[in-house]
Amino acid sequence: MSAYYQDQKLMVEGLAVDNMAKQYGTPLYLYSKAAIEQAFTAFSAPLKDRKHLICFAVKANSNLAVLNLLARLGAGFDIVSGGELARVIAAGGDPAKVVFSGVGKTRSEMAEALKAGIHCFNVESIAEIDRLNAVAAELNMVAPISIRVNPDVDAKTHPYIATGLKENKFGIDILMAPDAFRKAKALPNLKVLGVDCHIGSQLTQTQPFVDAIKRLLELKETLSQDGIELEHMDIGGGLGVTYTNEQPPKPADYLAHILPLIPSNVTLVMEPGRALVANAGLLVTRVEMTKDNGFKRFVIVDAAMNDLMRPTLYQAVMPVLPVVEAQQTGPISDLVGPVCETGDWLAKDVPLSSEEGDLVAIGGAGAYGFVMSSNYNSRPRAAEVMVEGTQAHLIRQRETVAGLWAGEQVLPE
Ligand code: LLP
């Protein structure tokens with residue numbers, strides 16, 4: 001976690017969180033630039049002597065400042081939509097370092113990505129192989145592809161974020177993959193570069209990754225006998241982080257297990273999202289009021305499920321960090337927002353003595369936080385700020401209420 005306490009006060013790098021909350025208002029997303037840099041280096045340093053490409057999964061945090069920072073560190077990007085491609089380009093990312101994942105790419109998204117010159121399309125079905133070949137043919141281009149296979153391994157994570165099982169919609173079943181590769185190789189407007197997989201998110205063990213990579217290597221061997229040589233292997237993202245008690249392997253340990261498996265002439269592509277940004281971010285919120293119904297104490301804050309979906313959507317447990325450290329002890333309370341839904345909670349059963357006017361932060365909010373926020377209950381989305389040492393940079397202004405209906409129109413009289 002990049003936030004820490006100093007003299008009882010929650011800090012991000014050299015700045016006190018309470019001052020930033022005063023300056024920018026709440027709810028507020030705060031990110032540490034140094035924490036993102038450190039997380040990126042934790043992946044890139046062990047890979048320095050290997051052919052590799054670290055493609056940040058844009059879906060985890062797509063703020064232009066975050067993308068630009070990662071691009072400057074040398075990152076490529078894993079995108080899943082035309083919108084994400086446009087963001088990467090707007091942020092100064094290199095399209096030649098982009099991989100395009102997703103099961104439902106539209107023809108126009110394919111054409112845009114081809115024209116931008118992306119590194120490769122991670123193709124997820126036979127239908128997509130045909131569609132991409134046709135789109136590339138129309139443009140008189142050759143589309144570089146990797147086939148995403150579904151290795152059927154259990155990632156041992158929450159069912160909504162497990163993606164590598166037979167029952168999931170992702171990838172081509174590994175047993176059907178050789179035929180898919182043969183088909184793709186025979187098509188004139190596709191060039192097969194590699195194979196890829198992504199088995200799930202918030203994985204806390206190395207073994208499922210190792211199992212998946214071994215299956216990919218067997219497939220590579222089979223294809224090689226058929227004269228199909230793969231230049232790159234994309235092992236997806238998925239490495240978990242510590243929110244509260246989880247003990248995922250550190251990037252260096254995870255890489256130490258998988259690097260020896262992968263032949264050195266193969267370019268290793270990875271798509272980490274959460275591991276690069278989750279613990280660089282906080283969601284800061286102010287207590288509006290508290291109430292105790294005799295059964296339970298509720299701390300009602302000005303952030304809600306629309307600002308941070310993870311707790312209610314995945315029953316995710318994220319750390320609660322009162323901005324004054326001593327408030328970490330106190331009556332067991334639920335931290336809830338003002339949205340009219342029983343599912344509107346940010347944390348359950350935490351010791352907390354914060355009262356009206358106090359500030360509380362939720363840790364681990366740098367990944368799948370702001371990006372999953374919505375305007376439900378006509379709530380403008382939060383501001384985002386990135387801290388760099390003792391400087392704070394506003395990287396997205398708070399939305400305005402009037403802005404919420406900017407594209408709407410009433411019917412004529
Ligand atoms: N590559 C692909 C093809 C993916 O689908 C994903 C995430 C990633 C890479 C990045 O995975 P990561 O390294 O972040 O685990 N909203 C959920 C997580 C959804 C993940 C979807 N795919 C959450 O808040 O837990």
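**Exercise 1. Which nitrogen or oxygen contact does the side chain of tyrosine 314 make with the ligand, and at what distance in Å?**

Before solving it, a word on the model. This is a predicted model, in which local features need pLDDT of at least 70 and side-chain atom pairs count only at pLDDT 80 or more, while totals for chains, interfaces and linings use all residues. Residues are numbered from 1 along each chain as its sequence is written, and side-chain values use heavy atoms, with hydrogens and water left out.

Step 1. Find the surroundings: 19 residues surround the ligand, and the closest are Ser201, Glu271, Arg310, Tyr314 and Tyr368 (near means that a heavy atom of the residue lies within 4 Å of the molecule).

Step 2. Look at tyrosine 314: an N or O atom in its side chain is 2.7 Å from a nitrogen atom of the ligand.

Step 3. Set two other contacts beside this one. A polar side-chain atom of tyrosine 368 lies 2.6 Å from an oxygen atom of the ligand. Glycine 273 uses a polar backbone atom, 2.9 Å from a ligand oxygen.

**Exercise 2. Describe how domain 1 and domain 2 meet.**

Step 1. Locate the domains. Domain 1 covers 3–30 + 278–399 and domain 2 covers 33–274; such bounds come from an automatic or database domain assignment. Their C-alpha centres lie 32 Å apart.

Step 2. Count the residues that touch: 22 of domain 1 are in contact with 21 of domain 2 (contact means heavy atoms within 4.5 Å).

Step 3. Turn to area. The two domains bury about 1,900 Å² between them, 58% of it on carbon and sulfur atoms. Buried area is the accessible area (1.4 Å probe) that two parts lose on being put together, summed over both. Tyr314, Tyr368 and Met386 supply 29% of the area that domain 1 buries against domain 2, more than any other three residues.

Step 4. Look for charges. There is 1 salt bridge between the domains, where a salt bridge is a side-chain nitrogen of Lys or Arg within 4 Å of a carboxyl oxygen of Asp or Glu. Glutamate 388 and lysine 33 form a salt bridge through their side chains, at 3.1 Å from N to O.

**Exercise 3. Which residue follows threonine 26 across a cis peptide bond, and where is that residue found?**

Step 1. Identify the bond: threonine 26 is joined to proline 27 by a cis peptide bond, with omega about -10°.

Step 2. Place proline 27: this residue is in the loop between helix 1 (17–24) and strand 4 (28–32). Helices (H or I, at least four residues) and strands (E, at least two) are DSSP runs, numbered from the N terminus.

Conventions:
A polar contact is a pair of N or O atoms within 3.5 Å; within protein, one must be able to donate a hydrogen and the other to accept it, and residues adjacent in sequence count only if both atoms are side-chain atoms.
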